[in-house]
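Hi everyone, thanks for making time this morning. Let me put a model up on the screen, and then we can walk through it together.

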Amino acid sequence: MGISINPLSNAIGSEILGADLSQPVSSEDFSAINSAMKKSLVVVFRGQKLEPNNLLSAVHLFGDTMEQHLTDTLMEGHPEIAVLDSREMPPDKEGKIIPFGGRDWHTDHTNHEIPPKFTALYAIKLPASGGDTSFANMHLAFDSLPSSEKVKLSSLETVNKIEDFAYIDEAAREKFGQLPIHPLIRTHPDTGRKAIYVHPGKLEKLVGMEPAESQQLIQNLLEKVLTPDICYRHKWKEGDLLLCDNRAVLHLAHHDYDLKEGRIMHRILIKGERPV
Ligand code: SIN
């Protein structure tokens, strides 16, 4: 295929050019892609033209897909794909419309006992401007803390809930509302590096602490560590297929555009392992 791989920032992210994921990928190219993923935690394949079945085959190169609880968004005939369309967002209980992934910096689906290792996002339709997604390297976030704080945080565990949104139906709530407990600091199974691992919107509380106190601790922590030098803001192009490693990355979808204009992502989650 003759791919080339370029860094997207000093902290996180690689761009992969010259790959056509609708075609078989050579073992040499796949090994280079895997190394880039391990090293930079986010990879973006530019210029893909993938029908849903090609998209699924491409994503399957990285592992098995897992069920998503966004029941209303799942594609007919391909329920592994969630269609995140800004025009279809229902208002929340306060009447606000905030698109998927736009509320806070987060990692995906922490309400699952076995959360996803990767999230794949395929850009189908973009607004004329805005609608970027930011990514943060949470290994670097952890590394930036003083040793005493690293020790203290390493003893904390999160209790994780499913959010109370209109697009999550009762069946999904029943199936995925089990309040699993995960370590706040997890160890990456491939590299042994530690990362801050949290979804504030899904945080019921920290074990042994009250919900409000827990949220405050996490908000203060994220405010301190999410500095520009550990982040990368991705300006999407249609046809970008991006994979991010949820085990060591938080992301945030910016909603600085008219949601009615339409921003559509196809999202697939890839099975991970129990966080430790
Ligand atoms: C998400 O957080 O899963 C969606 C991110 C995006 O649409 O950029």
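I'll go through the sheets, a helix, the cores and a few single residues.

First, some housekeeping. This is a predicted model, so bear in mind that local features need pLDDT of at least 70, side-chain atom pairs count only at pLDDT 80 or more, and totals for chains, interfaces and linings use all residues. Residues are numbered from 1 along each chain as its sequence is written, and side-chain values use heavy atoms, with hydrogens and water left out.

Let's start with the sheet of 8 strands. It is open, its pairing is mixed, and the order is β1-β2-β3-β14-β6-β16-β5-β4. Strands here are DSSP runs of E with at least two residues, helices are runs of H or I with at least four, and both are numbered from the N terminus. Two strands pair if DSSP finds at least two bridges between them. At the edges stand β1 (4-7) and β4 (74-75), each with a single partner strand, so one side of each has no neighbour in the sheet.

Now follow the sheet inwards from β1. β1 and β2 pair in the antiparallel sense over 4 bridges, and I5 has I16 in β2 as its bridge partner. Their hairpin has 6 residues between the strands, and there G13 takes a positive phi near 100°. On to the next pair: β2 (residues 14-17) runs parallel to β3 (residues 42-45), with 3 bridges joining them. S14 is the residue opposite V43 in β3.

What lies across this sheet? Helix α1 (residues 27-40) lies across β1, β2, β3, β6 (116-125) and β14 (241-245), at about 135° to β3. Those angles run from 0 to 180 degrees between N-to-C directions, with axes as lines fitted to C-alpha atoms, for helices over the stretch in contact. Helix α2 (residues 52-60) lies across β4, β5 (78-85), β6, β14 and β16 (264-271), running at about 105° to β5.

Let me stay with α1 for a moment. Its buried residues are D29, I33, A36, M37 and S40; buried means under 20% relative accessible area, exposed over 50%, and partly exposed in between, with a 1.4 Å probe and protein chains only. Seen down the axis, these buried residues fall within an arc of 100°, so they line one face of the helix. That arc is taken over the directions from the helix axis to the C-beta atoms. β1, β2, β3, β6 and β14 are among what covers them, where contact means heavy atoms within 4.5 Å. On the other side of α1, S27, E28 and K39 are exposed.

Right after α1 comes L41, with a positive phi near 70°. L41 is in the loop between α1 and β3, and is buried, with a relative accessible area of 2%. Where is H109, another non-glycine residue with a positive phi, this one about 50°? H109 lies in the loop between β5 and β6, and counts as buried at 2% relative accessibility. As a reminder, most residues other than glycine have a negative phi.

There is also an open sheet of 3 strands, in the order β9-β8-β12, with antiparallel pairing. β9 (181-183) and β12 (203-206) are the edge strands, each pairing on one side only. Direction ignored, neighbouring strands of this sheet are turned by 30° against each other on average. Between β8 (residues 157-160) and β9 there are 3 bridges, and T158 stands opposite H182 in β9.

Next, the cores. A nonpolar core is a set of buried Ala, Val, Leu, Ile, Met, Phe, Trp, Tyr and Cys residues joined through side-chain atoms within 4.5 Å. The largest has 54 residues, of which M138, L184, I196 and V225 touch the most other members. Helix α6 (residues 211-225) gives the most to this core, with 5 residues. Apart from it lies another core of 25 residues, among them A36, M75, F118 and L241. Leaving aside neighbours within four places in sequence, the contacts of L184 include L153, T158, I196, I218 and L221.

One last residue: E149, in helix α4 (residues 147-154). E149 is buried, with a relative accessible area of 18%. With the same neighbours left out, E149 is in contact with L221 and K224.

That's my tour; thanks for listening!
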